[in-house]
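Thanks for making time. I will put the sequence and the model on the screen and then go through a few places in turn.

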Amino acid sequence: MANAKKITELLLKKYPHPRIALNFTNPFELLIATILSAQCTDVKVNVVTEKLFKKYKTPEDFANADAKTLEHAISSITYYKNKARMIIECSKKLIKDFHGKVPQTMEELLTLHGVGRKTANVILGNAFGKQAIPVDTHVLRISNRLGIAHSNNPEKVEQELMMQIPNDKWTSFSLALILHGRETCTAKNPKCGKCILYEECEWPEKR
DNA sequence: AACTCGGGGCA
DNA sequence: TGCCCAGAGTT
């Protein structure tokens, strides 16, 4: 088993305050932005949400939105038709079951349309300061390459990582690993020669 | 478990 | 032109 603590240390040394561009402190805005961010670049989401949140501010605004109008407003985002429906349904559910407030538990978050385990963990970690490890495709891929995880099941990897990484660093670890995945440990043609984790990495295919 | 959604930016 | 992008819902 690779040394997860050492890996975390090296990652957070390179990315001391890891932040992707989705920098919302408002839980509801972060929720909408995170749903929009699936399979899409954060930069693109930022461009869209900057305008979007001037027109739609509350769950009521989204719940009562005209679907076509909302689709048009986010049409530069990946899967925009699905996501327009998702955030409308999600907002209705928020109003119906949670008084329009974003809930703060995994179980409750997972009842919201468009919110899966990864998105729920983003909200818990980044909006509510709870200890959570969002496992996206980057975290999944790299954790397995490094040898700190041994599964293609995100929830299982989440459990594996939680056992090895200090809990106060879970959220920043996830963010740092995503940045590392974009810049260095890419899905195809990874830049192993420039990798700060080369010595720790147990990936048989590392070059 | 496999399939679907899906447009723009960039090499 | 081809490749890639903070996944989730449906079948």
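Is S174 buried or exposed? The relative accessible area of S174 is 2%, so S174 is buried. Please keep in mind throughout that this is a predicted model. S174 belongs to helix α11. Leaving aside residues up to four places away in sequence, S174 touches I133, P134 and V139.

Let me stay with that helix for a moment. Helix α11 covers residues 170-183, and its axis comes within 9 Å of the axis of helix α1, residues 4-14. The two axes cross at roughly 70 degrees, which makes α1 roughly perpendicular to α11. On the α1 side, the residues in contact are T8, L11, L12 and K14. They meet S172, F173, A176, L177, H180 and E183 of α11. Sorted by class, this contact has five nonpolar, three polar and two charged residues.

Now to helix α2. This helix runs over residues 27-36 and contains I35. T34 lies in α2 as well. How accessible is I35? Its relative accessibility is 2%, so I35 counts as buried. For T34 the relative accessible area is 2%, and T34 is therefore buried.

What do these two residues touch, not counting residues up to four places away in sequence? I35 touches K83, M86, I87, C90, H113, G114, V115 and T119. T34 touches K118, T119, V122 and I123. T34 also has a polar contact: a polar atom of its side chain lies 2.6 Å from the backbone oxygen of L30. As a distance for orientation, I35 and K130 are 95 residues apart in sequence, and their C-alpha atoms are 19 Å apart in space.

Next, the DNA, beginning with strand B. Which residues are around DNA strand B? They are Q39, K44, S75, T78, Y79, Y80, K81 and N82. Of the atoms of DNA strand B that come within 4 Å of the protein, sugar and phosphate account for 41%. Helix α6, residues 80-98, gives the most to this surface, with three residues. By class, the surface near DNA strand B has two nonpolar, four polar and two charged residues.

There are three polar contacts to point out on strand B. In K44, a polar side-chain atom lies 3.3 Å from a base nitrogen of the strand. In T78, an N or O atom of the side chain is 3.4 Å from a base nitrogen of strand B. K81 uses its backbone: an N or O atom there lies 3.4 Å from a phosphate oxygen of DNA strand B.

Then strand C. How many residues surround DNA strand C? There are 27, and the closest are I20, G114, T119, L175 and K188. T119 has come up already, as a residue touched by I35 and by T34. Of the atoms of DNA strand C within 4 Å of the protein, 65% belong to sugar or phosphate, and the rest belong to bases.

Which helices each supply at least two residues of the surface near DNA strand C? These are α8 (117-126), α9 (137-146) and α11. The largest share comes from α8, with four residues. The classes on this surface are 12 nonpolar, nine polar and six charged residues.

Three polar contacts with the phosphates of strand C follow. An N or O atom in the side chain of T119 is 2.3 Å from a phosphate oxygen of DNA strand C. G116 has a polar backbone atom 3.2 Å from a phosphate oxygen of the strand. For K188, a polar side-chain atom lies 3.5 Å from a phosphate oxygen of DNA strand C.

I will finish with two backbone angles. H99 is not a glycine, yet its phi is positive, about 55 degrees. Where does H99 lie? H99 is in the loop between α6 and α7 (106-109). With a relative accessible area of 75%, H99 is exposed.

The second case is N189. Its phi is near 50 degrees, again a positive value in a residue other than glycine. N189 sits in the segment after α11. The relative accessible area of N189 is 65%, so N189 is exposed.

That is the end of the tour; questions are welcome.

How values were computed:
Residues are numbered from 1 along each chain as its sequence is written. Chains are lettered from A and ligands numbered from 1 in the order in which they are written. This is a predicted model: local features need pLDDT of at least 70, side-chain atom pairs count only at pLDDT 80 or more; totals for chains, interfaces and linings use all residues. Side-chain values use heavy atoms; hydrogens and water are left out. A residue is near a molecule or strand if one of its heavy atoms lies within 4 Å of it. A polar contact is a pair of N or O atoms within 3.5 Å; within protein, one must be able to donate a hydrogen and the other to accept it, and residues adjacent in sequence count only if both atoms are side-chain atoms. Ala, Val, Leu, Ile, Met, Phe, Trp, Tyr, Cys and Pro count as nonpolar, Asp, Glu, Lys and Arg as charged, and the others, Gly among them, as polar. Axes are lines fitted to C-alpha atoms, for helices over the stretch in contact, and angles run from 0 to 180 degrees between N-to-C directions. Angles under 35 degrees count as roughly parallel, over 145 as roughly antiparallel, 65 to 115 as roughly perpendicular and the rest as oblique. Contact means heavy atoms within 4.5 Å. Buried means under 20% relative accessible area, exposed over 50%, partly exposed in between (1.4 Å probe, protein chains only).
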